[in-house]
Amino acid sequence: MLPEPVTIAPGVFWWRTALDRAAQQRLVDAVFTLERQAPFYRPRMPVSGKPFSVEETNFGPFGWVSDERGYRYSTTHPQTGNTWPAIPEDLLDLWQAATSHPAMPECCLVNLYRGEARMGLHQDRDEEALDAPVLSVSLGDTATFRIGGTNRRGPTKSVRLQSGDVIQFGGEARLAYHGIDRIIGGTSDLVPGGGRLNLTLRRITKGRSRSNANAR
Ligand code: SIN
Ligand code: MN
């Protein structure tokens with residue numbers, strides 16, 4: 001199903017063009033359909049309240065949110081107050097094909113990068129289930145992705161993620177610092193209005209069931 005991944009660093013796997021154009025298109029269509037229920041919005045930095053340059057929404061029983069009160073998971077959209085739409089089946093299939101984790105993901109964070117949007121170096125560490133890997137899908141314009149170790153000031157590696165690429169980081173790399181330095185505009189016509197979508201799948205709670213990803 002998936003080709004052999006490239007190992008960027010211990011625990012960091014990269015499947016180049018894991019998804020063909022039709023599969024990419026299906027995901028983009030799903031995002032913009034579900035986005036009508038859970039609109040993109042701009043999260044804010046903890047404490048300062050400075051708006052992110054990326055717009056975000058979430059699918060699944062939990063959504064990752066950020067505002068003056070800090071980073072956290074929420075079962076509801078901060079603007080509509082509604083629960084998040086279910087994670088598309090294609091993404092659950094991808095999780096099962098790419099990871100050997102026994103439990104299903106409970107959050108799909110959707111990042112929309114337009115224009116100069118970027119994401120500073122950070123760790124994904126708001127999850128209880130740090131034994132589960134992070135699985136991330138790139139759609140649309142090419143991005144410069146940087147990943148290092150668990151020390152913010154340690155050495156990093158940079159790769160160009162293209163539309164359809166999938167990255168996994170888990171095990172010793174689960175808390176690796178990572179970020180998006182920049183998006184190379186005009187490299188893809190996949191995303192309506194231009195730019196890049198990133199879909200990040202994560203398990204939040206410690207649990208064993210493979211079947212309850214979208215149960216609330
Ligand atoms: C993230 O770390 O939340 C996003 C990474 C990406 O856009 O590839
Ligand atoms: Mn992240």
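This is a short tour of a metal site, a ligand pocket and a few residues beside them. The model is predicted.

**Stop 1: the manganese ion**

Select ligand 2, the manganese ion. Which protein atoms are its donors? They are His122 through NE2, Asp124 through OD and His178 through NE2, lying 2.2 Å from the ion. Along the sequence, the donor residues follow the spacing H-x1-D-x53-H. The two histidines link distant parts of the chain, 56 residues apart. Color strand β7, residues 119-122, to find histidine 122. Then color strand β12, residues 178-184, for histidine 178.

Stay on histidine 178. Is this residue buried or exposed? Its relative accessibility is 7%, so histidine 178 counts as buried.

**Stop 2: ligand 1**

Now select ligand 1. It sits in the largest pocket. Show the side chains around ligand 1: Asn111, Tyr113, Met119, His122, His178, Ile180, Arg196 and Asn198. Two of these names, His122 and His178, will be familiar as manganese donors.

Which strands supply this shell? Look at β6 (107-113), β7, β12 and β13 (196-202). Each gives at least two residues to the shell around ligand 1.

Next, pick out three side chains whose polar atoms lie by oxygen atoms of ligand 1.

- Tyrosine 113: a polar side-chain atom is 2.5 Å from a ligand 1 oxygen.
- Arginine 196: here the distance from a polar side-chain atom to an oxygen of ligand 1 is 2.8 Å.
- Asparagine 111: a polar side-chain atom lies 3.3 Å from an oxygen of the ligand.

Switch on the protein surface. On its own, ligand 1 has 260 Å² of accessible area, and the protein covers 97% of that.

**Stop 3: glycine 120**

Go back to strand β7 and select glycine 120. Its relative accessibility is 34%, so glycine 120 counts as partly exposed. Add arginine 146 to the selection. Glycine 120 and arginine 146 are 26 residues apart in sequence. In space, their C-alpha atoms are 9.4 Å apart.

**Stop 4: glutamine 123**

Move on to the loop between β7 and β8 (134-140), and select glutamine 123 there. With 17% relative accessibility, under the 20% cut-off, glutamine 123 counts as buried.

What does the side chain of glutamine 123 reach? One partner is the backbone oxygen of leucine 175, at 2.9 Å. Another is tyrosine 177: a polar contact of 3.2 Å joins the two side chains. Show both partners to end the tour.

Definitions and conventions
Residues numbered from 1 in each chain as written. Chains lettered and ligands numbered in written order. Predicted model: local features only at pLDDT ≥ 70, side-chain atom pairs only at ≥ 80, totals over all residues. Heavy atoms only, no water. Donors = N, O, S within 2.8 Å, 3.2 Å for Na, K, Ca; no water. Helix = DSSP H or I, 4+ residues; strand = E, 2+ residues; numbered from the N terminus. Buried < 20%, exposed > 50% of the residue type's maximum accessible area, 1.4 Å probe, protein only. Near = heavy atom within 4 Å. Polar contact = N/O pair within 3.5 Å; in protein donor to acceptor, adjacent residues only side chain to side chain. Areas by Shrake-Rupley, 256 points an atom, 1.4 Å probe, with all protein chains shown as cover. 1 Å grid on protein atoms, 1.4 Å probe; cavity = no way out; pocket = protein on both sides within 12 Å on 5 of 7 lines; lining within 4 Å. Sits in = over half its atoms within 2 Å of the grid points.
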